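The following exercises invite the reader to examine a structure step by step. Each task is followed by a worked solution.

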Protein chains: 2
Amino acid sequence: MDFKLVAEDSGSKARSGVISTDHGEIKTPIFMPVGTAGTVKAVHQRELKEDVAAQIILGNTYHLYLRPGLDVIEGAGGLHKFNGWDRPMLTDSGGYQVYSLANTRKIKEEGVTFKSHIDGSKHTFTPEYAIDIQRTIGADIIMAFDECTPYPCEYGYARESMEMTHRWLKRCCDRFDATSSKYGYSQTLFPIVQGSTYKDLREKSAETIASFGREGNAIGGLSVGEPAEMMYEHTEIVCNILPKDKPRYLMGVGTPENILECIALGVDMFDCVMPTRNARHGLLFTSEGIINIKNEKWKKDYSPIDEALGGYVDTFYSKAYLRHLTHSKEYLGAQIASIHNLAFYLWLVDEARKHIEQGTFIDWKNVMVKKLTTRL
Amino acid sequence: MDFKLVAEDSGSKARSGVISTDHGEIKTPIFMPVGTAGTVKAVHQRELKEDVAAQIILGNTYHLYLRPGLDVIEGAGGLHKFNGWDRPMLTDSGGYQVYSLANTRKIKEEGVTFKSHIDGSKHTFTPEYAIDIQRTIGADIIMAFDECTPYPCEYGYARESMEMTHRWLKRCCDRFDATSSKYGYSQTLFPIVQGSTYKDLREKSAETIASFGREGNAIGGLSVGEPAEMMYEHTEIVCNILPKDKPRYLMGVGTPENILECIALGVDMFDCVMPTRNARHGLLFTSEGIINIKNEKWKKDYSPIDEALGGYVDTFYSKAYLRHLTHSKEYLGAQIASIHNLAFYLWLVDEARKHIEQGTFIDWKNVMVKKLTTRL
């Protein structure tokens with residue numbers, strides 16, 4: 001993997017760049033649609049390319065490990081071959097899902113033992129095994145196995161957890177460096193900064209993570225329920241320490257507003273289930289503001305969903321039709337809204353990139369944040 | 001509407017033809033995907049055209065009347081404008097859904113009073129109102145309001161019901177002929193043969209329906225639970241009476257085998273929820289036979305779903321991937337399987353048409369029926 005800075009904003013820490021992988025380039029800042037179980041929910045791979053213009057998507061190690069299972073993915077020749085997505089992919093390490101989804105889990109120095117949310121079967125993820133699994137899944141960017149602390153989190157626990165995450169990182173790196181890609185293309189490992197909402201821990205963690213000298217770095221443990229201002233504060237602390245010449249990935253963030261604010265703080269990569277999950281409930285992010293498509297006011301609004309965006313679903317289908325589909329709980333409603341919300345997120349980060357490169361980012365961002373948080 | 005016979009099979013009653021409507025031509029024999037609530041479930045309009053190659057789709061009067069409601073559809077300028085499907089459409093009269101879905105219903109000479117399955121609200125459909133509603137929905141082909149008798153049905157009830165259906169047909173025709181299309185293109189009204197599984201009633205009904213001299217005729221009250229042989233028997237009785245120079249539509253039929261057998265009896269048009277409903281449960285109709293994609297045997301089968309069919313989903317996605325999606329209850333599983341099954345049905349009727357025109361229909365049909373009923 002290679003990262004080239006293209007432009008830096010004079011009025012903020014925002015920057016644009018290009019990540020190169022064996023599956024192609026990613027222009028940053030970038031939003032990565034979440035493809036939990038090997039599929040971005042309700043969206044065909046063709047649509048992800050042509051309508052959403054996704055450059056990289058996520059897979060979830062926990063989900064893929066449990067179903068379809070590693071033998072099926074390895075038999076296909078990796079996740080790219082299994083689901084047909086031939087552009088870059090990133091997998092999380094499974095840690096977050098183990099803590100939030102698994103029925104029971106026991107965290108020890110060695111690793112985490114948990115029971116599957118699907119069938120209750122017992123499994124253990126160690127840092128080494130999380131790397132092995134991700135070697136088998138075959139994403140271009142794989143994540144270190146960490147503990148994501150909840151919010152709020154008591155200081156003592158946050159410190160101990162962070163220290164364990166650092167020891168686990170060493171084990172992840174050792175395993176990663178001792179093994180190689182299974183499918184003939186390069187993989188890279190991103191470590192994850194933790195430290196909850198404590199400034200000294202965040203600084204310590206950022207410095208430790210940076211010292212590993214990997215090709216990119218991630219910020220975890222934010223967007224877990226803390227106020228947005230606190231998320232920005234800690235993102236800023238960490239971005240000021242993480243090296244400038246490597247991509248920074250803020251995990252699990254967030255609303256369009258969150259993304260613009262964190263781009264201004266120097267973040268390059270984002271992922272979040274929000275655009276697809278909200279879509280399935282009829283909540284749309286548009287270039288003019290937020291729409292709850294189920295509201296009465298859209299009943300006879302035959303205008304396109306978001307003409308400014310262009311693209312098939314945004315110009316072909318009307319708000320009134322999408323409202324009907326959403327009320328009727330039709331698959332097509334989730335399909336249209338998911339493509340729309342993702343296309344909007346990708347449009348937003350692309351606009352951000354252009355404004356960074358034109359030197360007009362901050363003014364544009366301030367106008368957009370106001371617009372995007374308006375409820376239409 | 002206009003119907004031209006193109007070819008007749010020498011070894012059976014099969015025929016090919018072309019129906020012309022203001023929204024374009026339909027080559028027969030044809031299968032019409034069911035778009036219950038203004039959407040063919042899980043399939044984008046673009047996919048219906050490009051991947052399924054649908055020539056005409058159905059809408060359901062009962063569903064559309066209840067939701068989104070006539071005001072919304074009329075405000076859009078009819079269903080074509082509302083959902084964006086610009087090729088021919090057909091609506092049923094709502095009768096079948098009233099009998100099978102509504103909570104309570106009371107059938108009288110005047111019409112049927114029922115309670116909505118959505119909110120329990122009370123409504124009345126008369127033959128006249130069923131025509132008015134379908135004028136407002138704006139399908140190219142609209143159906144007479146009839147009573148669809150269940151199977152089995154006692155002779156006395158079947159006769160009285162059929163006679164009422166005939167009286168209702170007169171009222172439908174009177175209303176249809178006294179009104180005109182709302183959106184500037186032609187509509188046509190098809191009457192429906194009833195008579196349950198009684199030969200004399202079927203003959204009587206077919207003669208009565210034919211005497212109305214409408215532009216096409218439909219056969220109702222079959223595929224409601226009777227054995228396939230009985231369905232074929234009554235389809236044959238009716239086809240031998242209905243005029244040759246007008247399209248014959250067998251409502252709600254059926255499996256690929258049913259369709260081929262009924263094409264051989266002289267049917268031109270079919271509709272059925274089976275391809276889409278079965279798709280959502282992982283049951284695929286393919287050119288080699290029937291697949292239950294959830295079965296273990298497809299777990300590591302990385303071959304395309306049905307290469308013979310060509311098309312995006314059939315060549316891009318593998319059986320193993322579709323199996324995983326279906327087991328995981330992912331939207332994309334229903335989407336892929338729905339497009340596949342519909343594309344298969346459209347491929348099948350297109351192959352039938354070609355074989356009729358090449359004079360090789362019967363031999364091909366006999367081979368195909370064996371193949372299509374094989375469980376892979």
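**Conventions**

The structure is a predicted model, in which local features need pLDDT of at least 70, side-chain atom pairs count only at pLDDT 80 or more, and totals for chains, interfaces and linings use all residues. Residues are numbered from 1 along each chain as its sequence is written, chains are lettered from A and ligands numbered from 1 in the order in which they are written, and side-chain values use heavy atoms, with hydrogens and water left out.

**Exercise 1. Determine how many disulfides there are over all chains, and examine Cys172(B) and Cys239(B).**

Step 1. A disulfide is defined as a pair of cysteine sulfur atoms within 2.5 Å. By this rule, the count over all chains is 0.

Step 2. For Cys172(B), the nearest cysteine sulfur belongs to Cys173(B) and is 6.8 Å away, and Cys172(B) is in no disulfide. For Cys239(B), the nearest cysteine sulfur is that of Cys262(B), at 7.7 Å, and Cys239(B) is likewise in no disulfide.

Step 3. Burial is judged by relative accessible area: buried means under 20%, exposed over 50%, and partly exposed in between (1.4 Å probe, protein chains only). Cys172(B) is buried, because its relative accessible area is 0%. Cys239(B) also counts as buried, at 4%.

**Exercise 2. Locate the cis peptide bonds that involve Gly254(A) and Pro29(B).**

Step 1. In chain A, Val253(A) and Gly254(A) are joined by a cis peptide bond with omega about -5°. Helices (H or I, at least four residues) and strands (E, at least two) are DSSP runs, numbered from the N terminus. Gly254(A) belongs to the loop between strand E15 (248–250) and helix H10 (256–264) of chain A.

Step 2. In chain B, the peptide bond from Thr28(B) to Pro29(B) is cis, and its omega is near 0°. Pro29(B) sits in the loop between strand E3 (24–28) and strand E4 (30–32) of chain B.

**Exercise 3. Describe the setting of Lys329(A) and Ala42(B), which have a positive phi. Is each buried or exposed?**

Step 1. Lys329(A) is not a glycine, yet its phi is positive, about 55°. Lys329(A) lies in the loop between helix H13 (319–327) and helix H14 (331–358) of chain A. With 70% relative accessibility, Lys329(A) is exposed.

Step 2. Ala42(B), also not a glycine, has a positive phi of about 75°. The loop between strand E5 (34–35) and helix H1 (45–52) of chain B contains Ala42(B). Ala42(B) is buried, since its relative accessible area is 0%.

Step 3. Moving on to H1(B), its buried residues include Gln45(B), Leu48(B) and Val52(B). After H1(B) comes Ala53(B), whose phi is positive, near 60°.

**Exercise 4. State how many salt bridges the structure holds over all chains, and analyse the pairs of Glu8(B) and Arg175(B).**

Step 1. A salt bridge is a side-chain nitrogen of Lys or Arg within 4 Å of a carboxyl oxygen of Asp or Glu. The structure holds 46 of them over all chains.

Step 2. Glu8(B) and Lys244(B) form a salt bridge through their side chains, at 2.6 Å from N to O. This pair links distant parts of the chain, 236 residues apart: Glu8(B) is in strand E1 (residues 2–8) of chain B, and Lys244(B) is in the loop between H9 and strand E15 (248–250) of chain B. Glu8(B) is partly exposed at 48% relative accessibility, and Lys244(B) is partly exposed at 46%.

Step 3. In the salt bridge of Arg175(B) with Asp132(B), the closest N and O atoms are 2.6 Å apart. Because Arg175(B) lies in helix H7 (residues 155–178) and Asp132(B) in helix H6 (residues 127–137) of chain B, the pair ties together parts 43 residues apart in sequence. Arg175(B) is partly exposed, with a relative accessible area of 31%, as is Asp132(B), with 22%.

Step 4. In chain A, a network of salt bridges links Asp350(A), Glu351(A), Arg353(A), Lys354(A) and Glu357(A).
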